[in-house]
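I opened this notebook to record what I looked up in one structure. The entries follow the order in which I consulted it.

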Amino acid sequence: MVRAKKGFTMVEMMIVLVIIGIIAAFAIHSMLESRTSANESGAEKALRTLVDQESVFYKTDYDADGKDYSYDLANLRNQVDGAGVAINLIGEDLAAGLKEGYSFGVCTTYNAAGDADKRGFAYYAVPEVYKQTGRKTYVVNSEGLFFYKDTGSNAVIAAWPDVTDGTWVAMGT
């Protein structure tokens, strides 16, 4: 008596599992790249927000110091107008220096147009975890100069970098 063959063999099941694994690997890689790209777009938008709100801060002179920039993320968050009303020019997360998988901060040694008497501001954005939350490092200043490059790390940008060295890419403002 010959028995009828029912079901799949172990080899057939293994082949199907390998194919599913390969498809999943491509899908996961694509999903992670999409998240990284979204984080980078979010960091660009946040830096543009900082430039816009620094302009508002400068024009309004919230800290009554004679028309100057805030030079600090927290200052853009915690201001009070002349009537005593709290003004928050940026969100709490950006004021804390973290947003969209990026860390934000101030480049401490920036003077507009290289003039020590003409103060300006400069901010940086670096990925919290390089290659996972982003690859690009961004810098922007009070003159509207906006640059990025893949620095290969998430090291903080303490001073305005030499953006003329050929490794930084200029972005439109």
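Entry 1. Terms and model.
I call a residue buried under 20% relative accessible area, exposed over 50%, and partly exposed in between. The model is a predicted one.

Entry 2. A loop residue with positive phi.
I looked up Glu100, which lies in the loop between β3 and β4. Its relative accessible area is 38%, so I entered Glu100 as partly exposed. Glu100 is not a glycine, yet its phi is positive, at about 55°. I noted the same kind of entry for Lys131, a non-glycine residue with a positive phi of about 75°. Lys131 sits in the loop between β5 and β6.

Entry 3. The sheet.
I then traced the strands. Six of them form an open sheet in the order β3-β4-β5-β6-β7-β8, with antiparallel pairing. Which strands stand at the edges? They are β3 (98–99) and β8 (169–171); each has a single partner strand, so one side of each has no neighbour in the sheet.

I followed the pairing from β6 onward. β6 and β7 (residues 146–150) are antiparallel and share 5 bridges. Within this pairing I found Thr137 bridged to Lys149 of β7. Helix α1 packs on the sheet and touches β3, β4, β5, β6, β7 and β8. The direction of α1 makes about 10° with that of β6.

The next pairing is that of β7 with β8, antiparallel over 3 bridges. Here the bridge partner of Tyr148 is Val169, in β8.

Entry 4. The β6–β7 hairpin.
I examined the turn of this hairpin, which has 4 residues between the strands. Gly144 takes a positive phi there, near 85°. Asn141 belongs to strand β6. Is Asn141 buried or exposed? I entered Asn141 as buried, because its relative accessibility is 0%. A polar atom of the Asn141 side chain lies 2.9 Å from the backbone nitrogen of Glu143.

Entry 5. The nonpolar cores.
I looked up the largest nonpolar core and found 23 residues in it. Those with the most contacts inside this core are Leu47, Leu50, Phe104, Tyr123 and Tyr138. Two or more residues come from each of α1 (10–60), α2 (73–77), α3 (92–95), β4 (102–106), β5 (122–127) and β6 (136–141). Helix α1 gives the largest share, 6 residues. I also recorded a second, separate core of 10 residues, which includes Cys107, Val126, Phe147 and Val163.

Entry 6. A buried glutamate.
Glu40 is found in helix α1. I entered Glu40 as buried because its relative accessibility is 10%, and the cut-off for that term is under 20%. What does Glu40 contact, leaving aside its neighbours within four places in sequence? I listed Tyr102, Gly134, Arg135, Lys136 and Tyr138. A polar atom of the Glu40 side chain is 2.8 Å from the backbone nitrogen of Arg135. I also looked up Glu40 and Pro127: they are 87 residues apart in sequence, and their C-alpha atoms are 8.3 Å apart in space.

Entry 7. Salt bridges.
Side chains of opposite charge can pair when their charged atoms come close. I counted 3 salt bridges.

Arg135 pairs with Glu33, with closest N and O atoms 3.4 Å apart. This pair links distant parts of the chain: Arg135 is in the loop between β5 and β6, Glu33 is in helix α1, and 102 residues separate them. Arg135 is partly exposed at 27% relative accessibility, and Glu33 is partly exposed at 32%.

Glu92 and Arg77 form another salt bridge, at 3.9 Å from N to O. Glu92 is in helix α3 and Arg77 in helix α2, 15 residues apart. I entered Glu92 as exposed, because its relative accessible area is 59%.

Lys99 and Asp93 make up a further pair, their closest N and O atoms being 3.4 Å apart. Lys99 is partly exposed at 26%, and Asp93 is partly exposed at 36%.

Terms used
Residues are numbered from 1 along each chain as its sequence is written. This is a predicted model: local features need pLDDT of at least 70, side-chain atom pairs count only at pLDDT 80 or more; totals for chains, interfaces and linings use all residues. Side-chain values use heavy atoms; hydrogens and water are left out. A nonpolar core is a set of buried Ala, Val, Leu, Ile, Met, Phe, Trp, Tyr and Cys residues joined through side-chain atoms within 4.5 Å. Buried means under 20% relative accessible area, exposed over 50%, partly exposed in between (1.4 Å probe, protein chains only). Two strands pair if DSSP finds at least two bridges between them. Contact means heavy atoms within 4.5 Å. Axes are lines fitted to C-alpha atoms, for helices over the stretch in contact, and angles run from 0 to 180 degrees between N-to-C directions. A polar contact is a pair of N or O atoms within 3.5 Å; within protein, one must be able to donate a hydrogen and the other to accept it, and residues adjacent in sequence count only if both atoms are side-chain atoms. A salt bridge is a side-chain nitrogen of Lys or Arg within 4 Å of a carboxyl oxygen of Asp or Glu.
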